[in-house]
Structure formats: structure tokens, C-alpha cells
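Thank you all for coming. I would like to walk you through one structure, starting from the whole and ending with single residues.

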Amino acid sequence: MIDEREERRFEWVAILKECAMYHNEMVEKLKSPIIGAEETEESVMHKVWCLSIMDAVGLIELLPIIEEEQENNKGGLPQNSPGPAG
């Protein structure tokens, strides 16, 4: 089951990276040839989508680390463990 989960995670990351590349290409395509010209709203939206997708990819790639920590802590949340003050 873990292998299946990892495989699905890998597939999602690949799909999302392709989406981000598409939006990044659209940003480049919509760039004005005039140096210093303001970006269009459409260009800004594609840039925002690209960055948002890459943030999602980063979170998905962190999931194995988070799951491993939860297994080591036996599912305990960090706020339920004693801190430096006791």
C-alpha cells in the first residue's frame, strides 16, 4: 500500500509540474517586448498560478517526511508534547 501511495504521489507531482511549466510558458509568451512595460493581468495570473502550483508540489513532496515523523511520534501532535518549559 505504501508503494501505491508513493506512486500516486509521484504521478500527482509530475502532473502538477507540467501544469506549472505551462503557466510559466504563458508568462513568457505574454511578456511585452518593451523593456520596463507593466505586466498584463493575464500574465500576473499565470505567474500566480505557477507559483501556487509549485507551492503545492513542495507540500506534496514533504508528506513522506511528515508521515514518518507521525509514525515515530505514534501519531502525537507536537502541541501535545511537553515543551522546553515543561
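I will take the overall picture, then the core, then the surface.

Please keep in mind that this is a predicted model, in which local features need pLDDT of at least 70 and side-chain atom pairs count only at pLDDT 80 or more, while totals for chains, interfaces and linings use all residues. Residues are numbered from 1 along each chain as its sequence is written, and side-chain values use heavy atoms, with hydrogens and water left out.

The protein has 2 helices and 0 strands, where helices (H or I, at least four residues) and strands (E, at least two) are DSSP runs numbered from the N terminus. Of its 86 residues, 15% count as buried, and buried here means under 20% relative accessible area, exposed over 50%, and partly exposed in between, with a 1.4 Å probe and protein chains only. If we take the contacts (heavy atoms within 4.5 Å) between residues at least 6 apart in sequence, 72% of them join residues at least 24 apart.

Let me turn to the core. The largest nonpolar core, meaning a set of buried Ala, Val, Leu, Ile, Met, Phe, Trp, Tyr and Cys residues joined through side-chain atoms within 4.5 Å, consists of 7 residues, namely V13, L16, A20, C50, I53, V57 and I60. Two or more of these residues come from each of α1 (2–30) and α2 (41–72), and α2 gives the most, with 4 residues. What does I60 touch, once its neighbours within four places in sequence are set aside? The contacts of I60 are R9, V13 and L16.

Other positions in α2 are worth a look. S43 lies in helix α2 and, because its relative accessibility is 2%, it counts as buried; leaving out residues up to four places away in sequence, S43 touches V27 and L30. G58 also belongs to helix α2, but it counts as partly exposed because its relative accessibility is 29%. The C-alpha atoms of G58 and V13 are 8.9 Å apart, although 45 residues separate the two along the chain.

Finally, the surface. L63, a residue of helix α2, is partly exposed because its relative accessibility is 34%. Together with L59, L62, I65 and I66, L63 forms a nonpolar patch on the surface.

How values were computed:
Patches are made of residues with over 30% relative accessible area and no salt bridge: like charges are joined within 9 Å, nonpolar side chains (Val, Leu, Ile, Met, Phe, Trp, Tyr) within 5 Å. Accessible areas come from the Shrake-Rupley method with a 1.4 Å probe; for residues, only the protein chains shown count as cover. A salt bridge is a side-chain nitrogen of Lys or Arg within 4 Å of a carboxyl oxygen of Asp or Glu.
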